[in-house]
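I wanted to practise reading a structure by looking up a few features in turn. These are my notebook entries.

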Amino acid sequence: MMDQDRFYEKKMRAAVCMAAILGSAVFGRAEGAEGLQNYDLGETVVTATKTKLAEKKVPMTTAVITQEEMQKIGAYNVRDALKTVTGLNVMEAGMTGNQVSIRGMGTQSTLILVDGRRMAGEDSGSTMNVYELGRINAAGVERIEIIRGAGSGLYGSDAMGGVINIITKKPQKAGGYAGTRIGSRENSVYGGVSTGRQGKLSLNMNYNLTEIRKNDENGDTNMFGPKRYFDINGDYRFNDHSGLDFGASFLKEQTREFSAGNPTATSASARYDMTEWYDNNRLDYHLKYYGFDKKNDYEIQTYYNRLGKESRKKIPGQWQDFDHSKYETYVLEGKNSYRADSRNTFTYGAEYRHQKAAGTRLAGGAGKIREENYLGMTKDFSTADISSYAFYLQDEWQLSDKLFFVPSLRYDHYDTFGGELSPRLGLTYELSRGARIKANYGLGYRAPTIFELYSHMDRNMGRMQVQVWGNENLDAEKSHSFDIGIEGERGKATGKLTYFHNKISNLIDSEFLGRFGRAVRYQYININKATMDGIEAEASYRFDRHWSTRASYTYLDARDANTDSRLTGHARANGVVELSYTDGSKKPWTATLYNMWYKDYLNTADENYTYSTTNFVVTKDLNKNTHLYAGVDNIFNKNFGEDDDYSIYGRTWRAGVEFTF
């Protein structure tokens with residue numbers, strides 16, 4: 001029998017079809033004088049096709065966040081910059097990190113890249129990408145490109161939901177910048193300098209020193225303490241059409257958190273106050289040779305990065321537990337884009353990737369087992385690695401003046417489970433100069449991680465003893481993804497409407513095995529199937545040179561395909577409404593008021609929450625070299641901090657100043 005949710009879903013699908021028909025009629029007339037005068041190619045993106053292509057022409061659903069837009073909302077970090085993107089959820093989880101989910105796909109199904117490179121990081125189902133957005137120097141970001149929909153056709157594993165590519169500042173003209181941010185959540189000083197072109201060489205350096213402030217709620221705190229970041233990037237030109245791009249970055253995190261004990265508790269582990277320290281270090285090195293001629297645009301790059309993690313936990317007078325781990329990624333990749341003729345550009349490439357993980361969470365579940373002794377405690381420590389190679393081919397095919405077709409195919413082979421083929425088809429049909437239809441279909445996959453395969457974790461997690469066993473017989477997750485949408489511009493208005501459908505099989509999940517003493521034990525298995533149906537809508541309108549508005553809406557029906565029950569960790573609907581004002585002067589000030597709302601967010605306790613937060617930011621250019629901003633998040637102090645699934649801070653403020661020279 002069809003329940004109310006399914007009935008609503010069918011209504012939404014019908015609405016998409018009707019909107020597409022009406023959109024064809026409305027935008028199809030946009031070739032008049034007004035439509036032509038306001039038409040432009042828009043942003044150029046590189047993530048969707050690994051080539052430079054106008055955003056309006058790219059079939060995949062894309063979003064671009066520029067440095068100016070990050071300043072407009074006063075983004076503390078990359079998470080803040082992403083929080084208003086349609087179809088993207090960066091909900092904070094338990095005051096420790098962020099769940100990064102695109103179109104309802106889990107945080108482990110979103111591939112986060114920095115300048116197209118994978119970063120070594122946590123690889124369990126609950127921690128993958130959770131801390132990543134806080135490890136990137138937001139002041140050093142030039143732009144962020146988000147691709148919604150299956151990206152395995154070019155990027156392989158982990159891109160079932162989409163790709164977030166964080167593009168950093170590159171060597172440019174001589175000069176620099178420096179700034180400071182203060183606020184109720186964190187303080188930082190940051191800056192950078194570029195040498196400009198000195199003969200054949202140019203260099204760019206950035207730094208960020210951040211102090212995350214302690215937030216104490218009901219006796220428990222967030223993870224607080226210092227974070228340090230430094231990077232150096234260079235470009236050496238052999239001639240006008242080839243050169244070397246190289247660089248390195250260094251990150252150090254030293255945080256801790258405190259949990260108040262309950263003096264009346266029966267168990268010692270719950271009776272005493274508990275403090276846990278975290279020391280993390282990441283190194284990243286990359287080198288790329290690039291070149292181009294009339295027909296080819298080619299590059300060969302190699303990179304290596306390593307994340308080392310150490311944590312220790314203590315109650316008064318006694319160490320309770322520790323955890324040591326390290327993650328390494330090494331990649332060698334070559335690609336070329338060949339312009340065969342005016343209608344076809346072929347992009348092809350190959351990639352070799354080696355991933356290695358070691359630590360006490362693997363314990364005796366992997367190879368090279370040894371004892372790790374620390375602070376009078378002893379644990380098993382083991383090491384495992386995964387190697388893979390891949391080939392991919394893509395054609396950007398202009399079938400006609402109106403129809404642009406992009407097929408791609410990638411093959412990956414892993415030494416753990418074998419090969420995987422990932423095709424993707426995308427097309428853009430131009431209804432008029434101001435409107436277009438886009439459609440995509442693709443198969444995606446996610447390879448089981450080292451932790452999911454070999455973990456043998458036995459650890460104090462908060463006040464609980466948690467055991468997680470890996471499973472060497474896991475298969476890769478598989479996905480079928482489809483989306484179709486219409487977008488356009490007419491006069492002062494822009495709009496997008498997209499329907500998407502994702503189907504996942506072999507979903508990797510943890511199965512509860514039972515209680516063993518005071519410990520709860522889980523094991524990874526392939527068990528679940530899931531479907532995600534939804535609608536994304538975006539619209540913006542500029543009233544005049546001062547006032548503009550923007551709104552977005554996402555409806556998501558994410559379900560366990562076995563039981564037809566809703567998946568936890570998702571809102572049924574969410575959106576953003578924004579109003580901006582600028583005085584339009586040569587040294588402008590801008591005010592932005594925006595509301596973010598969520599309806600029927602389902603947590604693991606099977607409870608629905610509906611809430612919203614209202615935020616306000618003001619920016620001002622004192623002169624061409626000095627930029628100020630100040631803002632308040634969650635003006636009305638709505639607080640949802642008691643649920644482990646997510647944490648919404650109460651009212652917070654922030655302010656900053658940046659100088660360029």
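The entries below cover a surface patch, some strands, some rings and one distance.

**Entry 1: what kind of model**
I noted before anything else that this is a predicted model.

**Entry 2: the nonpolar patch**
I looked up which residues make the nonpolar patch on the surface. The patch covers about 1,100 Å². I listed its members as Tyr 236, Phe 238, Tyr 289, Ile 300, Tyr 330, Leu 332, Tyr 352, Tyr 389, Phe 391, Leu 409, Tyr 411 and Leu 421. I then checked which elements give two or more residues to the patch, and found strands E17 (225–239), E21 (318–339), E24 (377–398) and E25 (403–414).

I picked Leu 332 as an example and found its place in strand E21. Is Leu 332 buried, partly exposed or exposed? Its relative accessibility is 40%, so Leu 332 counts as partly exposed. The range for that class runs from 20% to 50%.

**Entry 3: the neighbours of strand E24**
I followed E24 to see what it pairs with. Strand E22 (residues 344–359) is joined to E24 by 16 bridges, and the two run antiparallel. Within this pairing I looked up Ala 358, whose bridge partner in E24 is Thr 383.

Strand E23 (residues 367–374) also pairs with E24 in the antiparallel sense, over six bridges. Here Asn 373 stands opposite Thr 378 in E24. The hairpin of E23 and E24 has two residues between the strands, and in this hairpin Leu 375 takes a positive phi near 55°.

How many bridges join E24 to E25? I found nine, and these strands run antiparallel. Tyr 389, a member of the patch in Entry 2, stands opposite His 413 in E25. The hairpin that joins E24 to E25 does so through four residues.

**Entry 4: aromatic pairs**
I counted 20 aromatic pairs. A pair of aromatic rings is described by the distance of the centres and the angle of the planes, so I wrote down both values for two pairs.

Tyr 541 and Phe 543 have 5.0 Å centre to centre and 70° between the planes, which makes the pair edge-to-face. Tyr 541 has 36% relative accessibility and so counts as partly exposed. Phe 543, at 42%, therefore counts as partly exposed too.

For Tyr 598 and Tyr 611 the ring centres are 5.2 Å apart and the planes meet at 25°, so this pair is stacked. Where in the chain do Tyr 598 and Tyr 611 lie? Tyr 598 is in strand E35 (residues 589–602) and Tyr 611 in strand E36 (residues 608–623), so their pair ties together parts that are 13 residues apart in sequence. Both Tyr 598 and Tyr 611 are buried.

I also noted one aromatic cluster, formed by Tyr 236, Phe 238, Tyr 289 and Tyr 298.

**Entry 5: charges over rings**
I looked up which charged residues sit over rings, and wrote down two cases. Lys 50 lies over the face of Tyr 155, at 4.8 Å from the ring centre. The charged end of Arg 370 sits over the ring of Phe 381, 4.0 Å from its centre.

**Entry 6: Ile 535**
I found Ile 535 in strand E32 (residues 519–542). Its relative accessibility is 5%, so Ile 535 counts as buried. I then looked up how far Ile 535 is from Asp 284, a residue 251 residues apart from it along the chain. Their C-alpha atoms are separated by 38 Å.

Terms used
Residues numbered from 1 in each chain as written. Predicted model: local features only at pLDDT ≥ 70, side-chain atom pairs only at ≥ 80, totals over all residues. Heavy atoms only, no water. Patch = residues over 30% accessible without salt bridge, like charges linked within 9 Å, V, L, I, M, F, W, Y side chains within 5 Å. Areas by Shrake-Rupley, 256 points an atom, 1.4 Å probe, with all protein chains shown as cover. Salt bridge = Lys/Arg side-chain N within 4 Å of Asp/Glu carboxyl O. Buried < 20%, exposed > 50% of the residue type's maximum accessible area, 1.4 Å probe, protein only. Phe/Tyr/Trp six-rings, centres within 6.5 Å; stacked < 30°, edge-to-face > 60°. Lys NZ or Arg CZ within 6 Å of the ring centre and 35° of its normal. Pairing = 2+ DSSP bridges.
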